[in-house]
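Work through the following exercises with the sequence and the 3D structure open beside you. Try each task before you read its solution.

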Amino acid sequence: MNTQKKGFFQKFLDMIEKTGNRLPHPVTLFALLALLVIVISAIVSYFGVSAEHPGKEGEMIEVHNLLSSEGIHYIITNMTDNFIGFAPLGVVLITMLGIGVAEGSGLISALLRGFVMSVPKRLITLGLVFAGVMSSVASDAGYVVLPPLGAVLFAALGRHPLAGLAAAFAGVSGGFSANLLLSGTDALLGELTIMSAAIINPEYAEGMNIAMNYYFIAFSVIVLTFVGAWVTEKIVEPRLGEYTGEFREKVEKLTRLEKKGLILAGVSVVVAGILVALLVAFPGAPLRGDEADMPIIKSPFMKSLVPIIAFMFFVPGLVYGKVTKEIRNDKDVAAMMSTTMAAMGMFIVLSFTASQFVAFFSESNMGLVLGVYGANFLDSINLKGIPLLLMFIVIAAFINLFIGSASAKWAMMAPVFVPIMMQLGYSPELTQMAYRVADSSTNIISPLMTYFAIIIAFAQKYDKKMGIGTLVSVMFPYSMFFLLFWSLTLIVWMLLGIDLGPGSPIYYLK
């Protein structure tokens, strides 16, 4: 590798690592932000800052002082309700119950192995990146399964194992917000976006759904798969050179029992899908809407996607586990769900402090006032359209280098940027998609990303000298090309005015 470039990357990473390590834990960060909102609300209220309500002409919005008697009363009496009512909490936990069974039974691992092994050698890079992108449907399982599998697969084919690891890691992490299916990420970010949109227009927010980005993220799978494969074969693998290490491994093929389990699990998915379809397909069906022109988009079905997603993971996971004997009785199922919930402990703690921050921010009216002033400022400098979108993507991508959690960042950014963009005529759905593009693209070069250290550990099996700088220099091309081509795709989508998802337009009409 070019030592000069490597030195530049190392200095850049040292700066990021030092700065990032000085930040408090996300749990503490949200607690501090909540306290900051309380203090700032008192200061801003004292100076009488106000703005005209964007949705109600002539009505003025004043910032509520959370250090007043009424404010303190609100903080103390609503703390429990803020936590319990934090929309992402229930959404994520319910989704993970189903995913936990699919993962615990071995279904997710078998699916990924089966897919990669079935792809022709000339298409193996495409297949590996595609599998990585699609793995986000199982939340973080792809990080643990696919990168080491990609390394083993490339080593078995006589290619550099680190190129296989990099391709898989790029798909899993860089393509985390692209998928042909809805996932827990859609539910988690979607609920935060809906809550933020309600600051400006509660009626509009009521009509939103968590599938708001589905059309675009499904198309993005194609874009990222080809970009990731091209970067692997044209940039990363040539730079790594020929592998001279001692590892020459084989990917474990699926056993006969595993294949039988996958077939029956597939049948169960079809049956479960038919049962779900019957709930919405015909007039008078329980989950079908009443509106003749949009009976599915505006229906109880769209508001029931979270339990449906959990159900569609639970059923095949249960069937696969029964066939492979990983699940022998109801106690095994309960244990898998319990293990999944135990792993969500940090998320639950994070949700407590994040919920207080979001609730205080909303109660203070600062989000609404800031949205109005922010929109007026951007309007005054005439920053709109594509330049505005690109500026937001760059800001979100930079912040992602220091805060790894997508939900943590969006919980902080959504209440600010969603109202601002709405005031400038851009939908909450577009703002969320722009954020997802930025967040996913720079995941793979952030040393503070949760699984970054694990990927280094996997890589050190093949190169004992592998460190942060080396890994980032390998992943940097993926990050930049993903960010470039994904942003361009979103811009073209925006110019064409195509809905981002069911009932989810590009523009917000006041």
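**Exercise 1. Which residues of helix α3 are buried, and where does the helix bend?**

Step 1. In this predicted model, the buried residues of α3 are G71, Y74, I75 and N82.

Step 2. Next, follow the axis of the helix, and you will find that α3 bends by about 55° at N78.

Step 3. Finally, compare the expected span with the model: helix α3 covers residues 69–84, and because each residue adds 1.5 Å, its 16 residues should span 22 Å, while the end C-alpha atoms lie 24 Å apart, which agrees.

**Exercise 2. Describe helix α8 and the place of P161, beginning with the span of the helix.**

Step 1. The 14 residues of α8 should span 20 Å at 1.5 Å a residue, and the end C-alpha atoms are 19 Å apart, so the two values agree.

Step 2. Now look at the cover around the helix: 14 of the 14 residues of α8 are buried, which means that α8 is largely enclosed by the rest of the structure.

Step 3. P161 belongs to this helix, which runs over residues 161–174. Because its relative accessible area is 0%, and buried means under 20%, P161 is buried.

Step 4. To see what lies across from P161 in space, turn to E237: the two residues are 76 apart along the chain, yet their C-alpha atoms are separated by 9.5 Å.

**Exercise 3. Find the salt bridges of the structure and say which parts of the chain they tie together.**

Step 1. It helps to recall that side chains of opposite charge can pair when their charged atoms come close. A search of the whole structure finds 3 salt bridges.

Step 2. One of them joins E233 and R159, with the closest N and O atoms 3.9 Å apart. Because E233 lies in helix α11 (residues 214–240) and R159 in the loop between α7 and α8, this pair ties together parts that are 74 residues apart in sequence. E233 counts as partly exposed at 36% relative accessibility, whereas R159 counts as buried at 17%.

Step 3. R159 also meets the side chain of E237 in a salt bridge of 2.8 Å, N to O. E237 lies in helix α11 as well, so this pair ties together parts that are 78 residues apart in sequence. Both E237 and R159 are buried. Taken together, R159, E233 and E237 are linked in a network of salt bridges.

Step 4. A further salt bridge is found where the side chains of D186 and R436 meet at 3.0 Å, N to O. This pair links distant parts of the chain, with D186 in helix α9 (residues 184–200) and R436 in helix α19 (residues 428–441), 250 residues apart. D186 is buried, and R436 is buried too.

**Exercise 4. Decide whether K325 and N365 are buried or partly exposed, and state what their phi angles are.**

Step 1. K325 sits in the loop between α13 (305–324) and α14 (330–343). Although K325 is not a glycine, its phi is positive, at about 70°.

Step 2. N365 lies in the loop between α15 and α16 (366–380), and phi of N365, a residue other than glycine, is likewise positive, near 70°.

Step 3. For the cover of each residue, use the limit for buried, which is under 20% relative accessible area. K325 has 46% relative accessibility and therefore counts as partly exposed, whereas N365 has 18% and therefore counts as buried.

**Exercise 5. Place I274, S355 and V152 in their helices and classify each of them as buried or partly exposed.**

Step 1. I274 lies in helix α12 (residues 256–278) and counts as partly exposed because its relative accessibility is 47%. I274 also belongs to a nonpolar patch on the surface, formed together with I263, L264, V267, V270, V271, L275, L278 and F282, with about 820 Å² of accessible area together.

Step 2. S355 is found in helix α15 (residues 345–364) and is buried, with a relative accessible area of 2%. The side chains of S355 and Q356 are joined by a polar contact of 3.3 Å.

Step 3. V152 has its place in helix α7 (residues 141–156) and counts as buried at 12% relative accessibility. Although V152 and E252 are 100 residues apart in sequence, they are 9.6 Å apart in space, C-alpha to C-alpha.

Key: Residues are numbered from 1 along each chain as its sequence is written. This is a predicted model: local features need pLDDT of at least 70, side-chain atom pairs count only at pLDDT 80 or more; totals for chains, interfaces and linings use all residues. Side-chain values use heavy atoms; hydrogens and water are left out. Patches are made of residues with over 30% relative accessible area and no salt bridge: like charges are joined within 9 Å, nonpolar side chains (Val, Leu, Ile, Met, Phe, Trp, Tyr) within 5 Å. Accessible areas come from the Shrake-Rupley method with a 1.4 Å probe; for residues, only the protein chains shown count as cover. A salt bridge is a side-chain nitrogen of Lys or Arg within 4 Å of a carboxyl oxygen of Asp or Glu. Helices (H or I, at least four residues) and strands (E, at least two) are DSSP runs, numbered from the N terminus. Buried means under 20% relative accessible area, exposed over 50%, partly exposed in between (1.4 Å probe, protein chains only). The expected span of a helix is 1.5 Å times one less than its number of residues. The bend at a residue is the angle between axes fitted to the seven residues ending there and the seven starting there. A polar contact is a pair of N or O atoms within 3.5 Å; within protein, one must be able to donate a hydrogen and the other to accept it, and residues adjacent in sequence count only if both atoms are side-chain atoms.
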